[in-house]
Amino acid sequence: MSRDLFWSIAMIAVTAIWGWSFAAKHDLLLEMSASALNAYMFLLAAVAVLPFSIQSFYRMRKADWMSGIGIGCVLFMAFALQTAGVAITTPSNAGFITGLCTVFTPIILYVIGKGRVRKHQSAGIAIAVVGLAMLSLDGFSVNFGDVLILGCAVAFAMHIVAVSLFVRMPVAIASTFLQLLTVGILSAAWSLYEGSLAMPEGRSSIVSILIVAILATGLGYVIQVRAQMRLPAEKVALILICEPVFAGVFGYWLADVRLSLINIIGALLILLGIFVSEFGWRRSSLPANFNCNKPVL
């Protein structure tokens with residue numbers, strides 16, 4: 001088996017775990033608070049990433065430490081919104097709407113003066129917005145959980161931009177450890193303030209937390225970083241579109257989510273919008289170290 005094929009298969013496996021994680025989180029949130037789940041998930045993920053990050057810590061500068069902690073605060077906001085939203089919407093909706101972070105990224109770059117929105121990106125944004133309305137609207141009402149997930153997608157886009165602008169490649173994994181640890185500590189503080197820092201009692205729930213933390217959140221990022229060293233960015237981006245698809249499949253299979261025909265069309269339009277926006281990107285308008293692929297954390 002060639003190395004390219006190995007890393008492609010590894011990335012597909014990781015997107016499947018990410019898609020499953022939406023259904024797993026939805027079930028876990030029936031037993032514990034969003035803050036407690038994030039605290040355990042990210043502290044365990046930081047422990048999982050630490051062995052891979054030790055060597056790159058020797059290359060860290062003061063600015064790298066500051067950016068790692070600051071970007072971790074942005075990531076905390078993203079996951080706080082996502083986990084709270086997953087509790088009151090379906091895993092399928094959460095997966096498809098979270099994928100919109102790719103669509104929001106060029107808008108944020110344009111707002112901060114680091115890029116411009118191209119025609120393909122504008123088309124992708126328009127298609128995705130129509131899909132979002134078809135997926136989320138119920139008459140004239142909006143599911144509040146979907147609104148939280150939409151906010152999470154914007155925060156993830158902010159995280160993508162921040163990582164691309166402020167994280168140096170030689171210290172990427174060390175910075176990731178700092179980001180994970182920051183989210184874990186902030187989530188634990190939030191949970192202690194609420195008085196909700198408690199572990200679920202069931203063995204299956206504990207296993208789910210370990211899988212989400214170690215495989216999906218911790219090692220998933222390491223796999224993506226290694227894959228991106230080997231595979232073209234366009235190929236990695238195409239593989240990442242599988243994540244919301246797996247979220248929909250696992251939502252149907254595990255959480256008994258049944259989408260109406262209009263919801264299905266909306267989900268497909270979101271995928272189409274993500275695809276059009278991603279592959280319409282002209283990297284000449286971006287910083288030299290920019291990577292439009294979603295950081296997996």
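**Ala-45**

I began with Ala-45 and looked up its contacts, meaning heavy atoms within 4.5 Å. Leaving aside neighbours within four places in sequence, Ala-45 is in contact with Leu-180, Ala-213, Thr-217 and Gly-218. I noted that this is a predicted model, where local features need pLDDT of at least 70, side-chain atom pairs count only at pLDDT 80 or more, and totals for chains, interfaces and linings use all residues. Residues are numbered from 1 along each chain as its sequence is written, and side-chain values use heavy atoms, with hydrogens and water left out.

Ala-45 sits in helix α2; helices here are DSSP runs of H or I with at least four residues, strands are runs of E with at least two, and both are numbered from the N terminus. Is Ala-45 buried or exposed? Ala-45 has a relative accessible area of 0%, so I put it down as buried. The cut-offs, with a 1.4 Å probe and protein chains only, are under 20% relative accessible area for buried, over 50% for exposed, and partly exposed in between. Ala-45 and Leu-180 are 135 residues apart along the chain, yet 6.8 Å separates their C-alpha atoms.

**Two more residues of α2**

Val-47 is also in α2, and I list it as exposed because its relative accessibility is 58%. Its C-alpha atom is separated by 8.2 Å from that of Phe-177, 130 residues apart along the chain.

Gln-55 belongs to α2 as well and counts as exposed at 61% relative accessibility. From the C-alpha atom of Gln-55 to that of Val-171 I read 8.9 Å, for a pair 116 residues apart in the chain.

**The second largest pocket**

Gln-55 led me to a pocket, as Gln-55 is one of the lining residues of the second largest pocket, including also Phe-52, Arg-59, Met-169 and Arg-226. On a 1 Å grid over the protein atoms alone, a pocket is an open set of points with protein on both sides within 12 Å along at least five of seven lines, while a cavity is a set where a 1.4 Å probe fits but cannot get out; lining residues have an atom within 4 Å of a point. Which elements give two or more residues to the lining? They are α2 (34-57), α8 (172-194) and α9 (203-230).

The space in this pocket is about 190 Å³, a volume filled by probe spheres set on grid points joined across faces, edges and corners. By class, I find seven nonpolar, two polar and two charged lining residues. Nonpolar covers Ala, Val, Leu, Ile, Met, Phe, Trp, Tyr, Cys and Pro; charged covers Asp, Glu, Lys and Arg; the others, Gly among them, are polar.

**Gln-82**

Next I checked Gln-82 in helix α3 (residues 62-86). Gln-82 counts as buried because its relative accessibility is 3%. Not counting residues up to four places away in sequence, Gln-82 touches Phe-22, Lys-25, Thr-98, Ile-149, Cys-152 and Phe-156.

**Helices α5 and α12**

In α5 (residues 101-111), the buried residues include Cys-101, Val-103, Pro-106 and Leu-109. Their cover includes α4 (91-98), α6 (119-136), α7 (144-166) and α12. After α5 comes Gly-113, with a positive phi near 80 degrees.

I ended with α12, where Asn-263, Gly-266, Ile-270 and Glu-278 are among the buried residues. Why do I say that the buried residues line one face of α12? Seen down the helix axis, they fall within an arc of 155 degrees, so they line one face; the arc uses the directions from the axis to the C-beta atoms. Leu-261 and Leu-268 are exposed on the other side of α12.
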